[in-house]
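Biologist: Please give me a close look at a single part of this model, following one sheet strand by strand and residue by residue. I should also like to see how that part sits beside the rest of the chain.

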Amino acid sequence: MKLGLYVHIPFCSAICNYCNFNRGLFDAALKDRYVSALEAEIRRAAPRKAGAGPAADTIFFGGGTPSLLEPAEIGRIVAACRDTFDVAPDAEVTLETNPETSSAARMERFRAAGVNRISFGVQSFREPELRRLGRIHTADRARQAVAEARAAGFDNISLDLMMWLPQQSQQDWRESIESLIDVGPEHASLYLLELYPNAPLKEEMARSGWSLAPDDDAAEMYLWSMGRLEAAGYRQYEISNVSRPGRESRHNLKYWTDGNWLGFGCGAHSTRDGVRWKNVASTDDYARRIGAGEDVIVDRRELTRDERLEDALFTGLRLAEGIDVDAVGRRYAVDVWARFAPGLRPFIDGGLVKQEGSRLRLTRDGMLVANEIMAVFV
Ligand code: SF4
């Protein structure tokens, strides 16, 4: 399988009150140093020999808010990837974009820079929910941003929505899903809001008396939305992701199919042939180290065969089609059934996991308790 290339852009225009990602407020001077550092890190990753570096077929700009970069800067980074790796001509090149950073002109220039897939962080189509989350765009701006991307020629657009938000009722959630269907992206990711321990949103919820709907409602929201999206022509291919046929995220599939990827930028993770490593998290330290010719890797280790097996099983089980247990067993020379059948049996008997020949997959009810089921493997 070809490599996926992940490029982390850690800058945001404002910090959302629930966000636990590696990000900080936009700083123009730091951004300039950072983009140069990224180019250097990519170019030194795999010195291209005789015109043929390692093959890659996806580039994913994640963040943070990658669309805060100028299109020319995105173009420089894409060029560094293409100069260093044997990037397929039809590679999927995704830019995570926040609606407030988008305009018709910028969309055209991002496309000219080599981006061919846009992933919009919309989160909700309801104003009160966007305000509670500290998002700085409006629902109308999100709709316009998608229209601008379409007008610029993008035919592969994804939207992120978040469910189980403070004060969100089932009806509110349904409104956002219906709006998403009206907007008509090729792909959608539906995430459950996860509140980390010191999230400012937690304090705000306490101060304002906002609450979360009961767990049963969250389950109902999830099941309803998957059914509704299927009725609208989408296919669920992963626990949190749906797409039009053939529009699955090729990059993210690498994470769920035991693939290889290289991460560039501060805090980026990489996995290649059973070796996993992580870059220094601080943006400033990352740019400084690269400038000084120093290593940016702060943690690197070779996974054991058991760890690779466990990873392959629990990430693969996220896919709607599940995993071919015999194929995974052959890859790691382990009888997977013999090792894990006793742990899996209650879930199979309970209708949460389905066994079909050598395949194992979660049922939709199983997806609601996926973490519990996947714990069997670790
Ligand atoms: S825009 Fe995204 S990365 Fe930036 S603070 Fe908000 S949630 Fe976090």
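Modeller: The answer below begins with the basis of the model and the chain as a whole, then turns to the chosen sheet, and ends with other parts for comparison.

The model is predicted, so local features are described only where pLDDT is at least 70 and side-chain atom pairs only at pLDDT 80 or more, whereas totals for chains, interfaces and linings use all residues. Numbering runs from 1 along each chain as its sequence is written, and side-chain values use heavy atoms, with hydrogens and water left out.

The protein chain contains 15 helices and 17 strands; helices (H or I, at least four residues) and strands (E, at least two) are DSSP runs, numbered from the N terminus. Its radius of gyration is 21 Å, in agreement with the value near 21 Å for a compact globule of 378 residues. That radius is taken over C-alpha atoms, and the globule rule is 2.2 Å times the number of residues to the power 0.38. The C-alpha trace spans about 55 × 50 × 40 Å along its principal axes. Of the 378 residues, 53% count as buried, where buried means under 20% relative accessible area, exposed over 50% and partly exposed in between (1.4 Å probe, protein chains only). Among contacts with a separation of 6 or more, 69% are made by residues 24 or more positions apart; a contact means heavy atoms within 4.5 Å.

The part chosen for the close look is an open sheet of 3 strands in the order β15-β17-β16, with antiparallel pairing. Because β15 (323-324) and β16 (353-356) stand at the edges with a single partner strand each, one side of each is left without a neighbour in the sheet. Two strands are taken to pair if DSSP finds at least two bridges between them. Between β16 and β17 (residues 359-362) there are 4 bridges, and these two strands run antiparallel. Within this pair, V353 stands opposite L362 in β17.

L360 is the residue of β17 to examine in detail. Its relative accessible area is 2%, so L360 counts as buried. Leaving aside residues up to four places away in sequence, L360 touches L317, E321, G322, I323, V325, W337, L344, I348, V353, K354 and Q355. One of these, E321, is 39 residues from L360 in sequence, yet the two C-alpha atoms are 8.1 Å apart in space.

The loop between α12 (325-332) and α13 (336-349) holds A333. A333 is not a glycine, yet its phi is positive at about 50°. With a relative accessibility of 59%, A333 counts as exposed.

Strand β7 offers a comparison elsewhere in the chain. β7 is mostly covered, with 7 of its 7 residues buried. In a regular strand the side chains alternate between the two faces of the sheet. In β7, I157, L159, L161 and M163 point one way and S158, D160 and M162 the other, and all of them are buried. β7 pairs with strand β6 (residues 117-123) in the parallel sense over 5 bridges, and I157 is the bridge partner of I118. β7 also pairs with strand β8 (residues 187-192) in the parallel sense, over 6 bridges, with M162 opposite Y191.

After β7, the loop leading to α6 (170-183) contains Q167. Q167 also has a positive phi, about 70°, although it is not a glycine. Its relative accessible area of 37% makes Q167 partly exposed.

Antiparallel pairing is found as well between β12 (residues 269-272) and β13 (residues 275-279), which are joined by 4 bridges. H269 stands opposite K278 in that pair. The two strands form a hairpin with 2 residues between them, and D273 in the turn has a positive phi of about 50°.

One backbone feature remains to be noted. G63 and G64 are joined by a cis peptide bond with omega of about 20°, and G64 lies in the loop between β4 (55-63) and α2 (71-84).
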